[in-house]
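The exercises below ask you to read a structural model step by step, and each task is followed by a worked solution. Please look at the sequence and the structure before you start.

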Amino acid sequence: RGFAAAVLAVFALLAALSLFWLSMRARGRALRVLGGCPTVWIQVQDLAGFGSALLVSAGVVALAAAGYVGIFHGWVYIAAFLKVLISLQVAVIALSLLAALVMSASAWPSASMLAFRQPAVKSLRTAAIVIQGLTFLLVVAAAGPAWSAYQHSSDRSAEMAQWKQLADQVAIVFATNEEEMVELEPQIGELVKDAESLDMVALSYTYTPEMWIGVDFGEYSAVSYVNRRWLDLVTRNAPQQAVTAAPDHSITEGLGQVFREYAELLSREGLSEELLAQFRFLRPAGGFRLPVAEGGGGNLRFLDDVLVVVVPSVYDAYSDFNSTALISTKNIVFTGVVATQQLLERHGLDAQALRNRGFKGNLHVVYIAEEGLLLAQFAAYVVWLRTLALLALAIAFTVAAAISALITALLQAKRDFPLRVAGWSWLRILQGRVARELLVGVGLVGFVVLLQRPEAMGAVLAAAALGLLVVPLSHLFAAGWCFHGVSRRRI
């Protein structure tokens with residue numbers, strides 16, 4: 001959505017610039033018709049000039065962007081980047097030329113305007129009004145999503161920082177069939193024990209109400225089983241105490257019963273009071289959004305209302321069967337590719353050892369943070385795209401409003417000049433035309449408000465207020481410019 005918003009904003013901005021280009025050349029077009037130049041040739045010349053300007057701009061942007069990508073991300077990505085960028089530029093330029101052609105055809109150059117002493121830009125009035133209305137509608141509609149993305153940008157930054165903390169964590173992927181996995185369970189259990197003694201194994205498995213149907217979670221949205229290593233990884237750069245003890249009254253009776261049942265079901269030697277007494281119950285503190293891994297998939301969720309159950313030992317809390325299952329779903333991860341590969345070799349789980357035993361499958365090591373980092377980076381880019389899109393739309397609306405006001409001022413100059421000389425204020429002179437546009441603007445805002453979420457209402461109304469402020473200011477400056485032009489016999 002952020003990418004589509006940016007493309008739409010660029011197209012709207014170029015459409016407004018097309019309107020500006022045609023308004024600047026309107027008088028020259030009429031003079032060329034008066035001089036006998038064919039109107040079709042005039043259209044071709046104007047579109048060629050506008051297209052040349054777009055091509056030069058696109059070339060400069062492509063060179064600058066390619067240099068940035070090559071220097072900061074690697075020259076190996078240049079070919080793929082330029083392929084996408086140039087394709088996008090061609091599409092945008094084609095649509096812009098089409099918009100310019102439509103507006104140019106609607107404002108066909110004619111010498112009759114000069115004969116009747118009409119402003120040459122009069123024929124662009126309809127196009128200017130349409131672009132002004134559409135760009136205002138887009139500005140108001142884009143304000144809400146842009147503000148929501150900005151509000152979540154700090155959360156995205158925190159998520160990216162957390163993913164970086166897990167950059168050296170790896171998962172073991174089982175490329176084996178079920179029978180082979182079952183046969184490897186004892187060795188997997190010993191591998192977990194060995195890794196835990198080296199403090200290089202981290203556990204996080206999160207249960208949601210959908211997974212424990214009928215259990216009252218109370219004030220918590222999820223329950224996550226973790227070990228101390230996981231907490232150390234995700235809280236080592238926290239600005240303050242990230243977790244605190246969960247009050248006993250916050251843990252419902254249903255949760256307490258499920259804890260005992262799962263401890264007995266999953267543990268290596270069944271439930272013992274000694275083992276159960278070593279479990280600790282924590283919760284995030286100070287609004288900290290604690291990263292926990294989803295049960296059965298390993299994808300991270302950032303929660304500030306999760307009940308954290310700290311297991312004393314992964315090896316003791318989970319049997320070989322359950323440890324193997326947790327590793328296969330990336331809920332148990334290890335530190336370092338090389339160290340984990342050495343663990344596999346030490347316990348006879350490397351590819352060569354498995355082949356010697358007649359296994360067809362193998363185990364391999366993958367990073368867990370790559371996809372998360374990419375998603376977090378993409379989310380940060382979306383914030384920039386939405387912000388730049390809103391800025392581009394605001395510029396497009398301002399250009400369209402200014403051109404529309406200028407055309408109106410030129411057409412009303414014969415009326416406005418004597419009224420101003422007679423002592424009328426600009427407020428009194430302009431109130432009719434400004435009121436009509438403000439009334440249409442309020443109607444468009446009302447339409448957008450009906451479709452917006454309540455939390456984005458403030459941003460929508462702020463954008464609408466700024467947009468509606470542009471309208472009277474545009475008319476005021478345009479009418480003042482025309483008044484001075486008539487006074488000095490330039491118009």
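## Exercise 1: The nonpolar cores

In this predicted model, the largest nonpolar core has 46 residues, and the residues with the most contacts inside it are Trp 212, Val 223, Tyr 225, Leu 255, Phe 259 and Phe 334. Determine which residues Leu 255 touches, leaving out those up to four places away in sequence.

Solution. Begin with Leu 255 itself and set aside the residues up to four places away in sequence, after which the residues that Leu 255 touches are Trp 212, Val 215, Asp 216, Phe 217, Val 223 and Leu 307. Then compare this list with the core, where Trp 212 and Val 223 are likewise among the residues with the most contacts. Apart from this largest core lies another one, of 28 residues, which includes Leu 233, Val 292, Val 308 and Ala 369. As background, nonpolar side chains in soluble globular proteins tend to be buried together.

## Exercise 2: The surroundings of strand S2

Establish how many of the residues of S2 are buried, and find the strands with which S2 pairs.

Solution. First take the burial: seven of the seven residues of S2 are buried, so this strand is largely enclosed by the rest of the structure. Next, sort the side chains by direction, with Val 201, Leu 203, Tyr 205 and Tyr 207 pointing one way and Ala 202, Ser 204 and Thr 206 pointing the other way. Finally, follow the pairing: S2 and S9 are antiparallel and share three bridges, with Phe 334 of S9 as the bridge partner of Val 201, while four bridges join S2 to strand S3 (residues 222-226), again in the antiparallel sense, with Val 223 of S3 as the bridge partner of Tyr 207. Phe 334 and Val 223 are both listed among the residues with the most contacts inside the largest core.

## Exercise 3: Pairing around strand S5

Identify the strands that pair with S5, and give a bridge partner for each pairing.

Solution. Start with strand S4 (residues 243-245), which pairs with strand S5 (residues 280-284) in the antiparallel sense over three bridges; here Ala 245 has Leu 282 of S5 as its bridge partner. Then turn to strand S8 (residues 306-310), which pairs with S5 in the antiparallel sense, also over three bridges, and in which Val 310 is the bridge partner of Arg 280.

## Exercise 4: Two loop residues with positive phi

Locate Asp 199 and Lys 330, and decide whether each is buried, partly exposed or exposed.

Solution. Asp 199 is found in the loop between helix H7 (178-197) and strand S2 (201-207), and although it is not a glycine, Asp 199 has a positive phi of about 55°. Its relative accessibility is 45%, so Asp 199 counts as partly exposed. Lys 330, which is not a glycine either, has a positive phi of about 65° and lies in the loop between helix H12 (320-328) and strand S9 (332-335). With a relative accessibility of 35%, Lys 330 also counts as partly exposed.

## Exercise 5: Salt bridges

The structure holds six salt bridges. Work out where the partners lie for the pairs Glu 183 and Arg 357, Arg 283 and Glu 219, and Asp 232 and Arg 228.

Solution. The side chains of Glu 183 and Arg 357 meet at 3.9 Å, N to O, and this pair links distant parts of the chain, with Glu 183 in helix H7 and Arg 357 in the loop between helix H14 (351-356) and strand S10 (362-367), 174 residues apart. In the second pair, the closest N and O atoms of Arg 283 and Glu 219 are 2.7 Å apart, and distant parts of the chain are again linked, with Arg 283 in strand S5 and Glu 219 in the loop between S2 and S3, 64 residues apart. For Asp 232 and Arg 228, the closest N and O atoms are 3.9 Å apart, and because these two residues are four residues apart in helix H8 (residues 228-235), they are separated by about one helical turn. To complete the picture, salt bridges that share partners join Arg 415, Asp 416 and Arg 433 into one network.

Notes: Residues are numbered from 1 along each chain as its sequence is written. This is a predicted model: local features need pLDDT of at least 70, side-chain atom pairs count only at pLDDT 80 or more; totals for chains, interfaces and linings use all residues. Side-chain values use heavy atoms; hydrogens and water are left out. A nonpolar core is a set of buried Ala, Val, Leu, Ile, Met, Phe, Trp, Tyr and Cys residues joined through side-chain atoms within 4.5 Å. Buried means under 20% relative accessible area, exposed over 50%, partly exposed in between (1.4 Å probe, protein chains only). Contact means heavy atoms within 4.5 Å. Two strands pair if DSSP finds at least two bridges between them. A salt bridge is a side-chain nitrogen of Lys or Arg within 4 Å of a carboxyl oxygen of Asp or Glu.
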